[in-house]
Amino acid sequence: MPEQAKDIQERELTSGRSPAAITVAALIIVLCLYALFEAALKALGQLPLVAAPGTWWHWIAALPGELDPAWLGAMGAGLVLLGVVLLVQGLRRGRRARHLLACEDGILMVDDQVLAASLAHRARAEAGVGPGQVLVTVVRERVDVQLSPTSGTPVNPEAIMAGLEDELRVNLVEPLPQVHVRVAERGVIGQ
């Protein structure tokens, strides 16, 4: 596969980090706007909305001061947790809800929702049930199938699983997800 095709494949399968960056930037902007608003109120001689900017700086400089150690520990743990979340978000690659289909001539991708619809159709055919009786979700390398059989009609979960695995192999889905079938204990009437 040419290098350009690998780059396109990587870009289409992984998500960017812009949602996290936008969230952090929006929080910083809101914090700065609040500080600007408080400074403007002080400059106009008005009472502060929460506290004047100088009060915040004195409070931060006086930490831990008379603050309860439990609150100080909770704030520290919260900041550490925020830092870890941002670090992990920055270092790991996100994954879009897509799977590759093997194709020699190019790059062929399918959204997980489309793959789930195809697998639901196959599961309905294998089980002999109606459209509302099968729910398929595809999440990364896992396919979960929830099936509500028609009352009085036995369903073979192994046959359904084999049919879905065959469907995935025929469509050359990469990476091949694991299929898990769960049949409801109670059936539905008249489907």
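**Figure 1. Trp 56 and its aromatic partner.** Trp 56 is partly exposed, because its relative accessibility of 34% falls in the range between buried (under 20% relative accessible area) and exposed (over 50%), as computed with a 1.4 Å probe on protein chains only. Tyr 34, at 23% relative accessibility, is likewise classed as partly exposed. The structure is a predicted model, in which local features require pLDDT of at least 70, side-chain atom pairs count only at pLDDT 80 or more, and totals for chains, interfaces and linings use all residues. Residues are numbered from 1 along each chain as its sequence is written, and side-chain values use heavy atoms, with hydrogens and water left out. Rings of Phe, Tyr and Trp (its six-membered ring) pair if their centres lie within 6.5 Å; planes under 30 degrees apart count as stacked, over 60 as edge-to-face and the rest as tilted. One aromatic pair is counted by this rule. In that pair, Tyr 34 and Trp 56 meet edge-to-face, with 6.5 Å centre to centre and 80° between the planes. Tyr 34 belongs to helix H2 (residues 18–43) and Trp 56 to helix H3 (residues 53–61), so the pair ties together parts that are 22 residues apart in sequence. Helices (H or I, at least four residues) and strands (E, at least two) are DSSP runs, numbered from the N terminus.

**Figure 2. The three-stranded sheet.** An open sheet with mixed pairing is formed by three strands in the order E5-E6-E8; two strands pair if DSSP finds at least two bridges between them. Strand E5 (134–139) and strand E8 (178–183) occupy the edges with a single partner strand each, so one side of each has no neighbour in the sheet. From one strand to the next, the twist averages 15°. E5 pairs with strand E6 (residues 142–147) in the antiparallel sense over six bridges, and the bridge partner of Thr 137 is Asp 144 in E6. These two strands form a hairpin with two residues between them, and Arg 140 in the turn has a positive phi of about 50°. E6 and E8 run parallel and are joined by six bridges; Val 143 stands opposite Val 179 in E8.

**Figure 3. Side chains of E6 and the helices across the sheet.** Val 143, Val 145 and Leu 147 point to one face of E6 and are buried, whereas Arg 142, Asp 144 and Gln 146 point to the other and are not. Helix H5 (residues 112–127) lies across E5 and E6, at about 145° to E5. Helix H6 (residues 157–170) lies across E6 and E8, at about 150° to E8. Axes are lines fitted to C-alpha atoms, for helices over the stretch in contact (heavy atoms within 4.5 Å), and angles run from 0 to 180 degrees between N-to-C directions.

**Figure 4. Val 134 and the nonpolar core.** Val 134 lies in strand E5 and is buried, with a relative accessible area of 11%. Val 134 stands opposite Leu 147 in E6. Residues touched by Val 134, not counting those up to four places away in sequence, include Ala 120, Ala 123 and Val 145. A nonpolar core is a set of buried Ala, Val, Leu, Ile, Met, Phe, Trp, Tyr and Cys residues joined through side-chain atoms within 4.5 Å. The largest has 21 residues, and those with the most contacts inside it are Leu 119, Val 134, Val 136 and Val 145. H5 gives the most to this core, with six residues.
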